[in-house]
Each structure stands twice: as structure tokens, then as C-alpha cells.
Amino acid sequence: MTHVEETYDIVIVGAGHAGCEAALAAARLGQQTILFTVSMDSVALMPCNPNIGGSSKGHLVREIDALGGEMGKNIDKTYIQSKMLNVSKGPAVHSLRAQADKGEYTKEMRRTLQREPNLTLRQQEVTELLVESVTAPDAAGEIKKIVGVRTCSGAVYHAKAVVLCTGVYLKARCIYGDTISYTGPNGLSAANYLSTSMADAGIGIRRFKTGTPPRIDRKSIDFSKTEEQKGDEKIVPFSFENKAEDIAREQISCWLTYTNEETHQIIRENIDRSPLYSGVIQGTGPRYCPSIEDKIMKFPDKNRHQLFIEPEGEFTDEMYLDGMPSSLPEDVQYRMVHSVPGLENAKIVRNAYAIEYDCIFATELKASLEFKAVEGLYSAGQINGSSGYEEAGAQGLIAGINAARKLQGKDPVILSRSDGYIGVLIDDLVTKETAEPYRMMTSRAEYRLLLRQDNADLRLTPIGYEIGLIPEERYQRFLKKKEMIESEIRRLENTPIGAGAATQEFLLAHDSAPLRTGAVLADLLRRPEFTYEILAELDPDRPAEGVTEEIAEQINISIKYEGYIKRQKQQVEHFLKMEKKRIPADMDYSQVKNLRKEARQKLEAVRPASIGQASRISGVSPADVSQLMLYLKL
């Protein structure tokens, strides 16, 4: 029986947010790449919330952009509302969030993929990994190596590297009440065979769950009973390549309403009909994006919960009911929706549902996102046990980069926890045992004052340039911006300001304490009531042009938070010392005396690359780390 047989450098399985970033990165790095999807309609699909960014997730998107990824550019093209979150707090937690036009987001990303010269798109289900056993280079035995994939039609695609970006499609089933459909999200086909092939290759499989809320017909909503939520007047682009004026457009409002005691009573009375509580759903759900059932049952003291009514796009009447994911039966969904102010007569366009799917144990991956057990096989996105489009996109970018670099004979790109949120995300996944879908949060980043979203380009653009994803022209613009920031900070630190009458009048006019002695402009900028812009009156020598709003922001933050930034940099130095204490890949932990049994088991399972990584493994105590360092004479 004949079948199609083709050869590529890299195969990407799945065209969600991880797959798109992986495919673009690999292709842009010169690799002949093929991207498989169960449906061309699912490319960069947003099956759940119609937005990009948010608390900590906005950091990830800006880091993706700084490294040369696509997500930030794509949302800048297709947003319908933009907001900066947490502006009342410090700059470390400011996070950009944008409502997307879901349909346009998908279309625009698909256009981008189709324009890429080294990239082929293919609608076909991958059902089997082609793995061979080969003799290890050091003659230490045999190792498994990926050599391609097979599709449901029997076609074979040979490749030197494969990246799994299957999202929530592996043996997926969508559930609400007693209704179970064995499909992926939005009724798309599930991938029902690949999990078995992965298990045959020695990859551990587990079951996770996530959910999505009902979609409501806009025409059936009484907005007079809700609170309008407008976008920011001042637009901040996700991509460092864009200017606000270039992407400004009329924004579409969202709306806020609340559940109430009647809503909660309806849910409590029907909780036995929820698959989450009846035992029908076996998978573990996300702690930080709970179903409405979980909110009511686990937080009985709360008398209401926020519900955001968000448009799914400019050209559709579907509204996303953010805050009400559920797997309750259809009739209960109608009753609880109708109990909410403004939704008394709402018509449901799509029912809420939970979705169960297969995923892996990410501790089976190296920090490069390559499987330890199968050379050349990488994994990124929700298959790794994470949740969210942004987390997926970040992993996909790194997996695509590292698959390409492996073929180029280069070392993998591994971002540390002090480099960016992407480094924190991947380190947490491959080091710590995640018992539930992982969500990025600012609290997970120890060095978050250094890892702000506003300075993602300063941190990561040089790395993107070295990789080959940042073009020369963009890099030169970046260097010019960096030099302007540094030179202005130096100038402010060395520009004296006397305590004369004009200065004292200026300070008095701004309710600031008078100067007792001479100072420099940077001293005044450290005062909370002043910004770089306000001090222009006392600073006639500042550059007439070139200091953009972005540059002024970096000057303000660098000088105002100088003491805190220096302290975190000292902490990073200590952290990096521990990361540089390497552990041999073939380390025999049975030879280390006085290691507790649990620590030995965990170290054998994760096989950390450094003492620093070992110290972050759950179940490995500081005493265990000390014994390990003694054994290695570090």
C-alpha cells in the first residue's frame, strides 16, 4: 500500500499559540518546517477568553516580542480594547491586557504563517511518533531518537526534530451535565491516537481539565443594569516595534455585572448534577481559573462574584461571560445566567463546558523543552501542564528556537529565572511537580522588579538578535534607545542644581521640601512628587529630541527605584553562582551519602542541571543540597 512520504527539518504538531510561535521561529531560523493542525480553522484559536495579556501574562507577551516572536505584533493588529492593569501599584506589576477580535486574530496569524517562505501548513491529524533506538555517541548504550511522524492517512513525514504543541486536543472530551462530546474545543476534532504513541515511547501521560463560560447574544443583554468598562485613552502597544499612534483605533467597551445569592443558590441546589462533583470529570482543573461551581462551594462567605461581559469581536454579537466557566447542565446554565442583573432575558449562543485532555509531566523535559528520554523531541504549551495562551506562546517560541539550534549544532537557549518571566515559567514547569494546570503570576518571579514588562526589550532583545530572530535594523534602533537611556541617567546624576531662589520657588510650587544644599537633578527625581517630564523646567540642557515617552519611563524607574534594583541585582548574583555549580548529566545519586530517600528519588526523576535547580525541587531540602555539594566538592 503506497502512501505520501516527505522530508522536513522540523515538524510542529498543533497550530495553537505554542505551535504558531514554534513554527515561525524554526522557519525564520532557516529550517524547512511543516506545521500540522487538525483544522485550518483552529490556527491560533482562542477557544476560551478573547484576550491576550493580563497580570504577569502581559510580561510574557512583551518578552516573546523582545525575542522576535509574533504574539505581540498580532494582538496589536487585532485588539478591540486595551488596558494597563495594576497602575495604582508599582511598575513591577503593571501588566498590559487587550481584548482581541477572535476571528481577526486567527486570520491575521494564519496570514503571517502562510507568508513565511520556509513554512508549510498541513491540515492532518498526527497519530504516531516515529522513534528509533540508536547507539549513544559515548557507547553508553542505546538512546531513543525522533525521526518523524505518521498521520492518520498513513503519510510519513521524516524530520530531525519534532515539537509537540497539541494543546487540549489529546483524547479531548467536552462535558456539560450529562452531555459528553469526544471533541476538542468548539466542536473541532480531537486527537485520539497520539497519546498512545507517546506512551509507547516512554512518555508519562496524565489528565488535566479546563473550562470555558457560556457565550451570550448581545441583543438579549440589558446593558443599563451593568457597568461600562472602557479601554485606556493612552494606548500602549505590546510590540516594541509599534508606536501608539500607529495602532490607535476606536475601542469597544466591555461590561461588568455580578452574581448574587439567587445565582449561588441555583448552583448549590444543582451541584450534584455538576460533572466536577459527580465524578464524571477525572482531570485536575486550574486553581487560579476555577469554575463558577468551585467559586460558590469553596468560598461560601462571598455573596457575589464579578462577571465581565466581553465582546468576542467587532463583527459578532457573541459576548463572553468572563468569570462563569461551568460544566453544569444546560437548563441550570440558563437559570444561573438569568439570575444575573442585565442577563434576565439573555440567550445563550454556546453553552459553557469543561474539557478534559491528556498532557505530560513536564519534569520529563530538559530546560530546553527537549524530552530527556527521546532526543530531538520537544514539547510546548498546554501539553506541558500549563494554562493560558501567553504561557503556551512563550514555550512554543523557546521550543522552536531550540529545535532549530539543535539542527544547527548550537547550544540551546535557556533563559534563567533572572532573565525573564519565560525563564521562571519554564524552570517551574521542568523542575517542580505541578499537580494542576500552571498559571503564570507575578508572585512566582523572585526578581520581578528587574523583570518588568516595560524593560523586556532591554533584557532580551540582545538575546533575540544573537539567536537570529531580531533583524539588524530593529537591533540598531534598540541600541540607540539603550544608549539614550544610559546617557540621560548619567547626565542627571552629574547635573548640579543649586539651592537658589528659582529652584526653591519651583519646589514650593510642587509641594516639595526646599533644598538645604546643592544637589543633582537625579536627587530631585528620586522624590515621589517628581518625574523626568516635570523637571524639564529646571533642566534646560536636556536633549531637544530623542527622549521618547518610553525612554522617559525607563529613566524615571531606574532612578526612583535605584536602591531596590541594586539589592535585587545582588540577589541575582548569588542566584547565578548556584546556577553555575553544574551537576553531571550522568550523576549517580545513590553514591551520595546522607541523602534522604525522598530527595534521592526526586533528584533521579528530575535530574537537575545545577545545584540551583536542585534546590528548587519539591522534596529536596537545604540539608540535601549541602550533602550534594559536599559530594561534588563544590
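**Figure 1. R417 and D428 pair up in a salt bridge, with 2.8 Å between the closest N and O atoms.** This is a predicted model, and here we zoom in on one of its charged pairs. R417 sits in the loop between helix 11 (389-407) and helix 12 (421-431), while D428 is in helix 12, 11 residues apart. Are the partners buried or exposed? R417 counts as buried because its relative accessibility is 3%, and D428 is buried too, at 3%. The two also belong to a network of salt bridges that links R417, D427, D428, K432, E446, E579 and R616.

**Figure 2. E312 reaches K102 through a salt bridge.** The closest N and O atoms of this pair are 3.3 Å apart. E312 comes from the loop between strand 18 (306-311) and strand 19 (318-322) and K102 from helix 4, so the bridge ties together parts that are 210 residues apart in sequence. With a relative accessible area of 6%, E312 is buried; K102, at 11%, counts as buried as well.

**Figure 3. Helix 4 covers residues 102-115.** Its 14 residues take it 20 Å from first C-alpha to last, close to the 20 Å expected at 1.5 Å a residue. Which residues of helix 4 are buried? They are K102, Y105, T106, E108, M109, T112 and L113.

**Figure 4. K566 and E562 form a salt bridge inside helix 18.** The N to O distance is 3.5 Å. Both residues lie in helix 18 (residues 562-580), 4 residues apart, or about one turn of the helix. E562 is partly exposed, with a relative accessible area of 23%.

**Figure 5. I180, Y182 and V280 make a nonpolar patch on the surface.** The patch comes to about 260 Å². Look for Y182 in the loop between strand 13 (179-181) and helix 5 (194-200). Y182 counts as exposed because its relative accessibility, 56%, is over 50%.

**Figure 6. Stepping back, the chain has 21 helices and 25 strands.** The C-alpha trace spans about 90 × 70 × 55 Å along its principal axes. For 634 residues, a compact globule would have a radius of gyration near 26 Å, and the chain agrees with its 26 Å. Buried residues make up 56% of the chain. Of the contacts between residues at least 6 apart in sequence, 72% join residues at least 24 apart. The exposed area is about 27,000 Å², with carbon and sulfur atoms supplying 50% of it. The structure holds 59 salt bridges.

Technical notes. Residues numbered from 1 in each chain as written. Predicted model: local features only at pLDDT ≥ 70, side-chain atom pairs only at ≥ 80, totals over all residues. Heavy atoms only, no water. Helix = DSSP H or I, 4+ residues; strand = E, 2+ residues; numbered from the N terminus. Expected span 1.5 Å × (residues − 1). Buried < 20%, exposed > 50% of the residue type's maximum accessible area, 1.4 Å probe, protein only. Patch = residues over 30% accessible without salt bridge, like charges linked within 9 Å, V, L, I, M, F, W, Y side chains within 5 Å. Areas by Shrake-Rupley, 256 points an atom, 1.4 Å probe, with all protein chains shown as cover. Salt bridge = Lys/Arg side-chain N within 4 Å of Asp/Glu carboxyl O. Rg over C-alpha atoms; globule rule 2.2 N^0.38 Å. Contact = heavy atoms within 4.5 Å.
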